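Visitor: I would like to learn how to read a model like this one, feature by feature. Could you take me through it with the general idea first and the case at hand second?

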Amino acid sequence: MRRLIINGTLVDEAGEYREDLLIEEGVIRARGTSLMAPGCEVIDAAGCYVMPGGIDAHTHFNIDVGIARSCDDFYSGTRAAACGGTTTIIDHMGFGPAGCNLHHQLALYHEYAGGQAVIDYGFHGVVQHVDDAILHEMASMVEAGVSSFKLYLTYQYKLGDTDVLRALTRLKEVGALTAVHPENDAAIAERRAALLAAGHTAPYYHALSRPLECEAEAIGRMINLARLAGDAPLYIVHLSNGLGLDYLKLARRQGQPVWVETCPQYLLLDEACYFRENGLDYLLSPPLRPRSELDKLWVGVTAGDIDTLATDHCSFSHAQRLALSRGDFSRCPNGLPGVENRLPLLFSEGVMTGRITPSRFVALTSANPARLFGLWPRKGSLSLGADADLVVIDPRGEQLIEHQHLHDNADYSPYEGMHCRGLLRLTLSRGEVVAREGEFVGRRGAGRFLARDPFNAALAPVAGSSQQRGAR
Ligand code: URP
Ligand code: ZN
Ligand code: ZN
Ligand code: ZN
């Protein structure tokens with residue numbers, strides 16, 4: 001099927017263009033002002049932005065966290081993503097059985113996603129222990145299209161400094177980007193034990209058990225370990241505070257290759273949520289912060305110091321949370337849903353408020369993740385030959401977030417009742433319409449696995465500017 005999108009404003013990371021766009025065989029075939037294409041379906045995008053579809057580089061679909069399995073699998077999770085304008089997800093594989101190898105998890109995740117995902121997908125590896133065999137295996141994982149790995153500094157399979165250094169060194173060597181969940185586990189354990197011993201089990205104590213210094217310390221530590229590992233490229237996930245961002249800016253001023261992601265929850269929700277009747281629904285790590293931290297993150301988003309916006313979608317229903325926690329925050333599975341809300345929220349609170357330009361919106365939601373995670377320029381760009389993964393956004397429309405209209409399997413939305421300025425009219429995945437006006441019209445199993453290229457620093461975004469290294 002050939003499709004022609006007319007009358008819209010094309011937007012990529014570099015600018016805005018009054019051009020039409022021709023899609024053929026799932027890719028962008030032509031752009032221009034008077035494209036003729038007899039017999040093709042015409043989409044009138046008058047008054048709308050036509051942008052590269054979103055790339056959500058941080059989801060956890062179907063994840064087993066030991067005490068529970070998240071309520072979204074690769075079908076419901078990608079269906080929700082598509083309805084929210086996201087056309088690619090890169091899922092963080094969960095921990096496997098003790099001692100399992102990297103390819104074990106990869107095979108499992110191919111089973112989870114194959115025949116289920118409605119949009120294209122990739123996987124980040126997870127390093128749950130380090131030994132010679134794991135280090136050896138990293139090379140064949142990159143060959144298999146997994147060119148980024150996550151290390152955890154907290155939770156059950158936290159890594160110590162020796163293992164972190166070995167992993168960073170080897171991952172750089174094999175062409176992979178190291179992503180890290182930075183929180184100081186020892187400090188958290190100490191505080192949590194003291195709070196629980198004093199009978200403090202309500203949701204707000206979750207936040208008190210992991211203050212921002214726990215996160216900032218671990219970010220600082222990772223920056224220095226990455227430098228010691230020969231400037232191994234480093235990607236900080238789910239940044240929630242300003243001090244951590246200051247450390248990252250300092251490292252960058254010294255030329256270190258570090259990048260950082262934040263999430264809508266850290267820009268829009270604060271710790272007051274823990275005092276709501278449904279405070280349990282907001283438990284995640286790092287936790288929601290005081291309002292002053294949100295402001296610091298917005299400054300980073302506007303200035304270009306924050307590179308990507310992902311969701312960390314990890315959904316446990318209210319029912320699951322209630323049953324497992326029995327009133328104790330420390331027994332509640334962590335994580336928030338939100339894969340469907342990322343683009344509408346950033347468009348409304350970023351573009352429509354004037355905090356960011358439409359191009360910066362594209363950089364944060366699509367182009368930068370493509371550049372960092374080996375998908376550029378096939379994804380995240382409007383260049384000829386790129387996959388026709390597109391989102392059409394109407395700045396004149398509005399959307400009210402209500403969970404009953406979302407497409408995930410959770411039973412609540414952390415953003416319930418929020419008004420978004422801007423309306424997603426269409427999402428296209430490789431040229432096929434997968435969502436229309438918030439309704440899913442795609443097909444289970446239509447998504448393909450993306451074997452991602454090795455990490456390439458020459459393509460990575462340059463912080464604090466809209467300039468990119470390397471040719472477009
Ligand atoms: O609480 C969170 N963020 N859960 C998801 C797993 C992780 O730490 O990214
Ligand atoms: Zn994490
Ligand atoms: Zn996560
Ligand atoms: Zn609801």
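Guide: What follows goes through metal sites, sheets, a helix and two single residues. This is a predicted model, in which local features need pLDDT of at least 70 and side-chain atom pairs count only at pLDDT 80 or more, whereas totals for chains, interfaces and linings use all residues. Residues are numbered from 1 along each chain as its sequence is written, chains are lettered from A and ligands numbered from 1 in the order in which they are written, and side-chain values use heavy atoms, with hydrogens and water left out.

Visitor: Which protein atoms are the donors of the zinc ion (ligand 3)?

Guide: Donors are N, O and S atoms within 2.8 Å of the metal (3.2 Å for Na, K and Ca), and sites may look incomplete because water is not among the atoms. For the zinc ion (ligand 3), the protein donors are H58 (NE2), H60 (NE2) and D312 (OD), at 1.9 to 2.1 Å, and along the chain they follow the spacing H-x1-H-x251-D. H60 lies in the loop between β8 (54-59) and α1 (74-83) and D312 in the loop between β15 and α11, so this pair ties together parts that are 252 residues apart in sequence.

Visitor: What is the geometry of the site of the zinc ion (ligand 3)?

Guide: Ideal angles at a metal are 109.5 degrees for four tetrahedral donors, and 90 or 180 degrees for six octahedral ones. Four donors count as tetrahedral if all angles lie between 85 and 135 degrees; four count as square planar and six as octahedral if opposite donors are over 155 degrees apart and all others between 65 and 115; anything else is irregular. The four donor atoms of the zinc ion (ligand 3) make angles of 87 to 133°, and the site is tetrahedral.

Visitor: How far apart are the zinc ion (ligand 2) and the zinc ion (ligand 3), and what coordinates the zinc ion (ligand 2)?

Guide: The two zinc ions are 3.7 Å apart. H181 (ND1) and H238 (NE2) coordinate the zinc ion (ligand 2) at 2.1 Å, and the arrangement there is irregular because its four donor atoms subtend angles of 57 to 143°. This pair links distant parts of the chain, with H181 in strand β12 and H238 in the loop between β13 and α8 (242-253), 57 residues apart.

Visitor: Are H181 and H238 buried or exposed?

Guide: Buried means under 20% relative accessible area, exposed over 50%, and partly exposed in between (1.4 Å probe, protein chains only). H181 and H238 are both buried; of the residues at the other ion, H60 counts as buried at 5% relative accessibility, and D312 is buried at 8%.

Visitor: How is the sheet that includes β12 ordered?

Guide: Strands (E, at least two residues) and helices (H or I, at least four) are DSSP runs numbered from the N terminus, and two strands pair if DSSP finds at least two bridges between them. Eight strands form an open sheet in the order β8-β9-β10-β11-β12-β13-β14-β15, with parallel pairing, and its edge strands, β8 and β15, each pair on one side only. Within this sheet β12 and β13 pair over three bridges, where A179 has Y235 as its bridge partner in β13.

Visitor: Where are the edges of the seven-strand sheet?

Guide: The order of this open sheet is β3-β2-β7-β16-β17-β18-β19, and its pairing is mixed. β3 (15-17) and β19 (439-440) stand at the edges, each with a single partner strand, so one side of each is left without a neighbour in the sheet. Strands β16 (residues 390-400) and β17 (residues 419-429) pair in the antiparallel sense over eight bridges, with D394 opposite L423 and E398 opposite R421.

Visitor: What does the span of helix α4 tell me?

Guide: The expected span of a helix is 1.5 Å times one less than its number of residues. For the 14 residues of α4 (residues 161-174) that should be 20 Å, and the end C-alpha atoms are 20 Å apart, which agrees. V164, A167, L168, R170, L171 and V174 are buried in α4, and just after the helix G175 takes a positive phi of about 85°.

Visitor: What does the side chain of S315 contact?

Guide: A polar contact is a pair of N or O atoms within 3.5 Å; within protein, one must be able to donate a hydrogen and the other to accept it, and residues adjacent in sequence count only if both atoms are side-chain atoms. The side chain of S315 makes such a contact with the side chain of D72 (2.7 Å), and S315 is buried, with a relative accessible area of 0%. By contrast, N278 is partly exposed at 27%, in the loop between α9 (264-268) and α10 (291-303).
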